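Here's a quick tour of the fold, from the strands outward. Have the viewer open and follow along.

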Amino acid sequence: MSELPSGAWGRVDMRLRRGARPATTDPHPQAKPDHPLRVAVIGGGPGGLYAAALLKRLDPTRDITVWERNAPDDTFGFGVVLSEETLGGIEHADPHVYEALQRHFMRWDDIDIVHRNTRHTSGGHGFAALGRKHLLEILHTRCRELGVGLRFHTGAPKELPQTHDLVIAADGIHSTTREAYADVFHPRITPHRCRYIWLAADFPFDSFRFETAETEHGVMQLHGYPYAPDASTVIIEMREEVWHAAGFDELGEAESIERCAKIFAEALRGRPLKSNNSAWTTFRTVVNDRWSHGNVVLLGDAAHTAHFSIGSGTKLAVEDALALAACLEEQDSLGEALTAYEAERRPVVASTQRAARASLEWFENLALYLDQPPRQFAFNLLTRSRRVTHDNLRLRDRRFTEAVEREFGCPPGTPPMFTPFRLRGLTLRNRIVVSPMDMYSAADGVPGDFHLVHLGARALGGAGLVMTEMVCVSEEGRITPGCAGLYTGRQAEAWKRITNFVHAQAPGTAIGVQLGHSGRKGSTKLMWEGMDEPLDEGNWPLVAASALPYKPFSQTPRELSRAQLTDIREQFAAAACRAARAGFDLLELHCAHGYLLSGFLSPLTNRRTDAYGGSLDKRLRFPLEVFDAVRNVWPGERPMTVRISATDWAEGGTTAEDAVEIARAFAAHGADAIDVSTGQVVADERPEFGRSYQTPFADRIRGATGIPVIAVGAISSWDDVNSLILAGRTDLCALARPHLYDPHWTLHAAAEQGYTGPGALWPTPYRAGSRRPQTGRTDAPKPRLSL
């Protein structure tokens, strides 16, 4: 499953090994200042029960009561999956609970993916599951042994915060505590696009099973796993529109269950499904700005949720309980403890939620992947959350991973990133692109020695394609006075010097130029002098799709007239001619990040009422005119790509659906690939940063259109690159900051993977450095005697 932070487990374990506070008759026990002795837990799920047991075990003098409005055996769902890491933590923190769990576990290593009547199995994953009722019974028993009060069929009194030192709100996704303090916690609850129902089968699956069913109404999926010798959890999921089209909205519980059993009859061996007051529901992601208020703290689903497809709900709640217990022991006051708890858990939860969101969206968009080759489909599913990667899967199941590589076309011993890729008449020797990075180091638009060394070093570093920064098509189209251009012959000659160096000294590396115009984001200081801040002097007038400043303090641009649009279109074409003569292998049109052409595409920055504003077709009109003008003068054998912002990360802006249509439009006009970035269009954007966070947009465009794509955005490891390429989510990966950190990133990635083939050739003078240098001695004699 996923990695487990060891900190809270170890800290609680150490505290327990030192010895919890003994029960005492001393009327004045030595409690820490502000130490919570009266604790109320709202919610009798695994997280709340485990928190109660841990806190009572750490200090038997505590008076702890769990309030649960339902019966002891009332539970949603059937089985609970726990990773080996989570189980290891439970074993350290409370061996009694672990030993009780062990007696009920079903364990397995395999994942089966069944698609179009073909099953592929991947092993080495390591799962354990048991019935949710058994888990609750074990925790009930442990709480009673320790002296925790359990009150079932009883709602939590509203006055608990006044009568107790600490109130732990573990009352689930529908938390009444969270809602009571909504003005403090600021919950954000996001519904998603699939309906699902939680059911069970009366036999054990052999493995974790994912199966698709392509029906006349759309694709449906089954998630299943064993949790007892005679039972399996079965979750049926489908898009909302498929659910409606199939008529499930008009069926009762029994009819729905019978229908699901027929659809997945082969997977279920013809057996019926059973329910536990099961109902179709929509998954909702819960995020809170704060997790505590006074002496009230949120735990588990009350604080956060993560989609069931990565099996994280119980795991996160148990981890929360451990971290909360550890922080209460370590800190001198309740306030400090709750602050430390949130500080420790929030990054872990955010990471899990990002992985869960990626997994959730993969299943939401399952139809995009149905036509993939069977093994690639299976690999794509296994790596959907980005927690399992290519390298990780090779360790778990080398045979399966190598079969996927062969099907993909990797020669023996060749990682996916070092397979060639063809765009029109250009064959790239590997899938790595040095992403465009503005250097703000030109003089009068002329690239100098800095650019020669900067781009030359990265070309020598082994990437298949090295891109220039955004090269401006006019003096007025610069972002800053330090931006490079292609609007004079002198600039073109300077660029030719650089392309000649790349072609002569780094044979096999292609160099591309990105053409753009700053639009309303121009006439600003160099990035390190004040990003997006207007120049103190020497400003030039700005133009844009509409007269809207980028920031309140920014210069207001003029709305472009029809005659000015023609002039700018011709500036792009003239720059493209110079780029061709300068020897560039590829040209990219910059239609992203809020610059001029991007400003036409986004409804947030294009408020025009003429033929160039309004509907998406009209907003596309000028960027397509520019593309056509450039394509007409750019050599036919050389490829053209287009960089777009696939979302504005702002309400009312470009959507993922818009991005697909924008990509289709450029491809219809001759674009060879779409370079898929996001944001930087409006200043009040709210990006969802994270590892590979922009990749899903590229994935969606590729899946929906079949157009080759370049993925960008926090891709930082060769393992991520291999995973994305092999899963079919992108064709090329563009990396920026990693190439600033290490100009030879690609060659070093080859060395670290033991690859020496044609996809990563070391320059002759550098070949002596093609092996990783030795480090300090690691084979020193081991100690023979411990005292």
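## The barrel

In what order do the strands close into a barrel? The order is β20-β21-β22-β25-β26-β27-β28-β29, eight strands with parallel pairing. From one strand to the next, the twist averages 30°. Bear in mind that this is a predicted model.

For a close-up, look at β26 (residues 640-645) and β27 (residues 673-677): these two run parallel and are joined by five bridges. One place to zoom in is V642, whose bridge partner in β27 is I674.

## Helices on the sheet

Helix α17 (residues 489-505) packs on the sheet, where it touches β21 (465-472) and β22 (510-516). The direction of α17 makes about 155° with that of β22.

Helix α23 (residues 695-705) packs on the sheet too, touching β26, β27 and β28 (709-711). Here the angle between the directions of α23 and β28 is about 165°.

## Two cores

The largest nonpolar core has 89 residues, and L486, L515 and F666 touch the most other members. Beyond four places in sequence, the contacts of L486 include V471, C472, W495, V513, L515 and F584. Among its other contacts are Q491 and R578.

There's also a second, separate core of 67 residues, with L55, L150, V167 and F185 among them.

## How far to trust it

Mean pLDDT for the chain is 92, with 94% of residues at 70 or more. Residues 1-6 stay under 50, though the model has 20 contacts for them beyond four places in sequence. Residues 22-31 are also below 50, and that stretch has six contacts beyond near neighbours in sequence. Where pLDDT is low, don't read the predicted coordinates in detail.

Conventions:
Residues are numbered from 1 along each chain as its sequence is written. This is a predicted model: local features need pLDDT of at least 70, side-chain atom pairs count only at pLDDT 80 or more; totals for chains, interfaces and linings use all residues. Side-chain values use heavy atoms; hydrogens and water are left out. Two strands pair if DSSP finds at least two bridges between them. Helices (H or I, at least four residues) and strands (E, at least two) are DSSP runs, numbered from the N terminus. Axes are lines fitted to C-alpha atoms, for helices over the stretch in contact, and angles run from 0 to 180 degrees between N-to-C directions. Contact means heavy atoms within 4.5 Å. pLDDT is the predictor's confidence in each residue, from 0 to 100. A nonpolar core is a set of buried Ala, Val, Leu, Ile, Met, Phe, Trp, Tyr and Cys residues joined through side-chain atoms within 4.5 Å. Buried means under 20% relative accessible area, exposed over 50%, partly exposed in between (1.4 Å probe, protein chains only).
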